[in-house]
Amino acid sequence: GDFVQNRMKLPLKIKAAFPNKFRMDMVFNNLSFIKVTNGQTTWEYNPMNDTVVVKTEKDPIATDFIDRWTGGLYKYKNEKVKIKLLESTKIEDIDVYKIEFSAEEKTRFFYIDKLSYLVLRVDDDVEEKKITYYKDYKKVDKYYLPHSLLGYEHGIPTLSMEFKSVKLN
């Protein structure tokens, strides 16, 4: 798909193997930027200055990406979580359930469409106002997955991704 920044679409390929393998290839001005991790070590290649930066990670990048993409809902089966229906409300004139979801000492608020049961928005961090909107759901195998994500922090767009295709295995 594409990573969208300042109205520019940068071609992007992401491969992730849960919980810790991740590779991202992005093209900008015909230059290929690469980020690869095995869960503990991350290598980032920047062709602008022909360097590789090596970092040690606290949290697996693949898990972080999958959490951002899915909102972390997959955890409800495997971990101790608390889920609480807070209210019925509206987002962009769509009736939604607002659900509080707490796992791993982190609380998120989900806004789930009452008709389709698809996640429309996730508030990741109330203090920093980290909000992600999920759109353009398409069926991939037996799942409906968002093919468009738009993230905000303090009301400013910080992340936009548009997936042209998604493959699961």
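Colleague: In which strand is the place of Val 52?
Modeller: This is a predicted model. Val 52 sits within the run of residues 51-56. That run is strand 6.

Colleague: Is Val 52 buried or exposed?
Modeller: Its relative accessibility is 52%. The cut-off for exposed is over 50%. Therefore Val 52 counts as exposed.

Colleague: Which residues make the nonpolar surface patch with Val 52?
Modeller: The patch covers about 280 Å². Besides Val 52, its makers are Trp 43 and Val 54.

Colleague: Which helix gives the most to the largest nonpolar core?
Modeller: That core has 25 residues. Phe 3, Phe 65, Trp 69, Phe 110, Met 161 and Phe 163 have the most contacts inside it. Five of the core's residues come from one helix, residues 61-70. That top contributor is helix 1.

Colleague: What does Trp 69 touch, leaving out residues up to four places away in sequence?
Modeller: Trp 69 is among the residues with the most contacts inside the largest core. Its partners are Tyr 134, Leu 145, Pro 146, Leu 149, Phe 163 and Val 166.

Colleague: How many residues are in the other core?
Modeller: This core lies apart from the largest one. Its members include Ile 91, Phe 109, Tyr 111 and Tyr 133. The count is six.

Colleague: How is Ile 94 classed by its relative accessible area?
Modeller: Ile 94 lies in strand 8, residues 94-103. Its relative accessible area is 29%. Buried needs under 20%, and exposed over 50%. So Ile 94 is partly exposed.

Colleague: How far apart in space are Ile 94 and Asp 113?
Modeller: Ile 94 touches Asp 113, along with Thr 89 and Leu 120. In sequence, Ile 94 and Asp 113 are 19 residues apart. C-alpha to C-alpha, the distance is 6.9 Å.

Notes: Residues numbered from 1 in each chain as written. Predicted model: local features only at pLDDT ≥ 70, side-chain atom pairs only at ≥ 80, totals over all residues. Heavy atoms only, no water. Core = buried A, V, L, I, M, F, W, Y, C linked by side-chain atoms within 4.5 Å. Buried < 20%, exposed > 50% of the residue type's maximum accessible area, 1.4 Å probe, protein only. Helix = DSSP H or I, 4+ residues; strand = E, 2+ residues; numbered from the N terminus. Contact = heavy atoms within 4.5 Å. Patch = residues over 30% accessible without salt bridge, like charges linked within 9 Å, V, L, I, M, F, W, Y side chains within 5 Å. Areas by Shrake-Rupley, 256 points an atom, 1.4 Å probe, with all protein chains shown as cover. Salt bridge = Lys/Arg side-chain N within 4 Å of Asp/Glu carboxyl O.
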